[in-house]
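Let's walk through a protein model together, one question at a time. Have a look at the fold before we start.

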Amino acid sequence: MSSSRVQTICPFCGVGCGITLKMDARGRLTGVEPVPGHPISHGKLCEKGWSTAYAIRPDNRITQPLKRCRDRFEPVSWDEALDDISQSIREILDESGPAAIGVISSARATNEDNYAAQKFARAVLKTNNVDHCARICHSPTVAGLKQTLGSGAMTNSAKDIFNTDLIVVIGADPTENHSVLGGQIFAAQQQGAKLIVIDPRQTRLAKVADIHLQLKPGSNIALINAMLQVIFEENWHNADFIAERCDGFDELARQVEAITPASVEAITGVDAGQIRAVAKAYAKAEKAMILYGMGITQFVSGTQNVIALSNLALVCGQIGRPGTGINPLRGQNNVQGACDMGCLPNVYPGYQGADNDAVQQKFNQAWQGEVADQPGLTSLGMSKAVLAGEFHGLILFGEDPVVTDPDQNHVREAFKQLDLLVVAELTMTETAKLADYVLPAASFAEKEGTFTNCERRVQHIAQALQPPGSAMGDWQWLNALAQRLGSDQLNWPNSQAVFDEMAALTPAYQGMRYDKMIWAQGLQWPCNDDAPNGTDILHRDSFPIGKARLIPVHYTAIDESVDADYPLLLTTNRLHFHYGCGSMTRKSPLLERETPPGLLFIHPDDARQLKITRYGPIGVRSRRGYIETRAMITPDVPPGLVSMPYHFKEAPSNQLTNTAQDPITKMPELKACAVTVFPLPAGQVPKDVDQLREEP
């Protein structure tokens, strides 16, 4: 028996790098290596990608269903678990109706798993209560770009980084979270592209940028509107493009007329001359490309921030051509796909409106039954409804909201009050610890399916390993549960059948098949009769809504300002060596040794004033919670701003973050809240959140 190699896709960020899994003669995963000719990663991987084998290694994996018995879990059979779960679901439906139960799917799971999850919710449970973590990352992208362009996704391709004159990175840190793309940005700059970084922190890219605008958190709209004012005043806008392809120019021009760079200096903290320089560079570039992340979306003004960026790209005609576009960098490996699959309460697969009678009828006919017709709840809405006594059952897989959602105490309390919490996971996460039933899930390497990366590229993942114990793919156990509930809606023979059904119902995917996808190394949607080989650039000649919409937006201050009691502003960030809730990367000793378990970045001036020492123990308190961690003193954050990653369950930043929400998407304002920071006695070991919770 010889060793083997299987080509597949990295399970971490939204870049979608090609990796090869290497197995020994006994079928054990021994390592990974990059795919040399991959169209995105070009034979490179980041540290997380190289450590993929640790993320799914068999130790501490959940290998059989677990049932809560008071304060501990007991192993049970799949039959017992599914029988009990289905009985509890029936009781909830009988007593409280479909509005009282829901599903949270996963941006780390396959398209097939996510399609099954929303179909289970809508066709089996008869509810639109289905959501996933895009709610707290890029839901404003979907909502904002849908309004302005007609499509809420990256307009261009990663390869355009090497085919542009100017790269604008705003509210994103690609060297940390999208490291392969971050490296490509460095390379493009060395080859002659200009680089502008707009970020409150001095990121690695900011330090080498041609211009770094160190704006105050939450002032994006004020900055962009001032740039538009300069562009209009100097007649740098693309009048021909606007006349031919945009509506709303006059209203937008009137709205920003008085918003000069000088008038927003105090709001943004950015010198008026710098604002003018960036406006000129962007407008005058032949090809300029915007890349953005959660420093745009995770605000109460998140959707409006996205619209403002769209206004900027449109008025300069920087869209629909190679090397241009407005390009959201998706955080998790399949967050684009989970959105595409309709794992949102307001849309079916392909962003077909859940409140549209024709769409409901389409899916009634396709699925041969009545689907949900009442509005659904977001993930945060479900938690709120639990605390109001209106929501009783939740099925969740591949996510850890107790660590990743804002106001951790609020989420924990809600989940503890559920009558039924079912969690399918690889390992015992903080959310799984609260479950009534924990189901053993298969990892990406133990099943077949597809992921959709941030450039809309749908890529095939091949099964390389057998799932440990009785673990299975998410669509498979959802099918088994649906059958217990008397439904054969999810009764597919294999993952390809799941994909084929989804593609037939999703216009942008209708030209895709597994064999074609494998041969082409991925297909970018839309892929259909009009674009049989996929689409690398959206909106070349037209927009799905006819003409693009220029929509005036107004600066909205952050929800929670600093004051005497909470004098520092906290923002959140990601780290190069970790990912999400840490459940995968923290299994790697190579990655874990790089970063202590939790830390807070603070400017030397603030540290000096507060008598905080480097790596010294500190307490951090907001209006919602308290944690202890260690201080990382660095000029990378400006005075008055501190920053924390959310990867560490010992010191979760979401003990502190604000639940104030964007009114359109219910996106919480994770990027700004007021805190106080103080030193703990020298030599004291910071207590983890569980220890603090146990204190009287």
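Q: Which elements cover the buried residues of helix α21?
A: Keep in mind that this is a predicted model. Helix α21 spans residues 474–484 and is mostly covered, with 8 of its 11 residues buried. Its cover includes two helices from earlier in the numbering, α3 (78–96) and α4 (111–125). Also among the covering elements are β16 (393–397), β17 (420–425), β18 (437–440) and α22 (495–505).

Q: Which residues in α21 are buried?
A: Helix α21 is mostly covered, so look for side chains under the 20% cut-off for relative accessible area. Those that fall there are Asp474, Trp475, Trp477, Leu478, Asn479, Ala480, Leu481 and Ala482.

Q: Which residue just after α21 takes a positive phi?
A: Helix α21 covers residues 474–484, and the backbone just after it is the place to look. The phi there is about 85°, and the residue is Gly486.

Q: How are α9 and α11 set relative to each other: roughly parallel or roughly perpendicular?
A: Helix α9 covers residues 220–233 and helix α11 covers residues 249–256, with their axes 9 Å apart. The packing angle is about 110°. Angles of 65 to 115 degrees count as roughly perpendicular, so α9 and α11 are roughly perpendicular.

Q: How many nonpolar, polar and charged residues are in the contact of α9 with α11?
A: On the α9 side you'll find Asn225, Leu228, Gln229 and Phe232, and they meet Phe249, Leu252, Ala253, Gln255 and Val256 in α11. Sorted by class, that contact has 6 nonpolar, 3 polar and no charged residues.

Q: How far from Cys454 is the nearest cysteine sulfur?
A: The structure holds 0 disulfides, and Cys454 is in none. Cys454 is buried at a relative accessible area of 3%. A disulfide needs sulfurs within 2.5 Å, but the nearest cysteine sulfur to that of Cys454 belongs to Cys13, at 7.3 Å.

Q: How many residues apart in sequence are the parts that Glu176 and Arg204 tie together?
A: These two side chains meet in a salt bridge, 3.3 Å from N to O. Glu176 sits in helix α6 (residues 174–177) and Arg204 in helix α8 (residues 204–208), so the pair ties together parts that are 28 residues apart.

Q: Which counts as buried, Glu176 or Arg204?
A: The cut-off for buried is under 20% relative accessible area. Arg204 is at 39%, so it is partly exposed. The value for the acidic partner is 15%, so the buried one is Glu176.

Q: Which helices does the salt bridge of Glu233 with Arg276 tie together?
A: The closest N and O atoms of Glu233 and Arg276 are 3.6 Å apart. Both residues are partly exposed: Glu233 has a relative accessible area of 48% and Arg276 has 33%. The pair ties together parts that are 43 residues apart in sequence, namely α9 and α13 (residues 272–284).

Q: What is the N to O distance in the salt bridge of Lys433 and Glu430?
A: Lys433 is partly exposed, with a relative accessible area of 35%. Glu430 counts as buried at 9%. Their side chains meet with an N to O distance of 2.8 Å.

Q: How many salt bridges does a search of the whole structure find?
A: Some of the salt bridges link up into a network, as with Glu560, Asp563, Arg623 and Arg624. The search of the whole structure comes to 28.

Q: Which residue does a cis peptide bond join to Trp525?
A: Look in the loop between β21 (523–524) and β22, where you'll find the proline in question. Omega is about 0° for this bond, and the partner of Trp525 is Pro526.

Q: What is the phi of His42?
A: His42 lies in the loop between β3 (29–34) and α1 (47–50). His42 is partly exposed, with a relative accessible area of 45%. Its phi is positive although it isn't a glycine, with a value near 50°.

Q: Where is Gln521 found?
A: Gln521 is not a glycine, yet it has a positive phi of about 55°. Gln521 is partly exposed at 28% relative accessible area. Its place is the loop between α23 (514–520) and β21.

How values were computed: Residues numbered from 1 in each chain as written. Predicted model: local features only at pLDDT ≥ 70, side-chain atom pairs only at ≥ 80, totals over all residues. Heavy atoms only, no water. Buried < 20%, exposed > 50% of the residue type's maximum accessible area, 1.4 Å probe, protein only. Helix = DSSP H or I, 4+ residues; strand = E, 2+ residues; numbered from the N terminus. Contact = heavy atoms within 4.5 Å. Axes fitted to C-alpha atoms, helices over the stretch in contact; angles between N-to-C directions. Parallel < 35°, antiparallel > 145°, perpendicular 65-115°, else oblique. Nonpolar A, V, L, I, M, F, W, Y, C, P; charged D, E, K, R; others polar. Salt bridge = Lys/Arg side-chain N within 4 Å of Asp/Glu carboxyl O.
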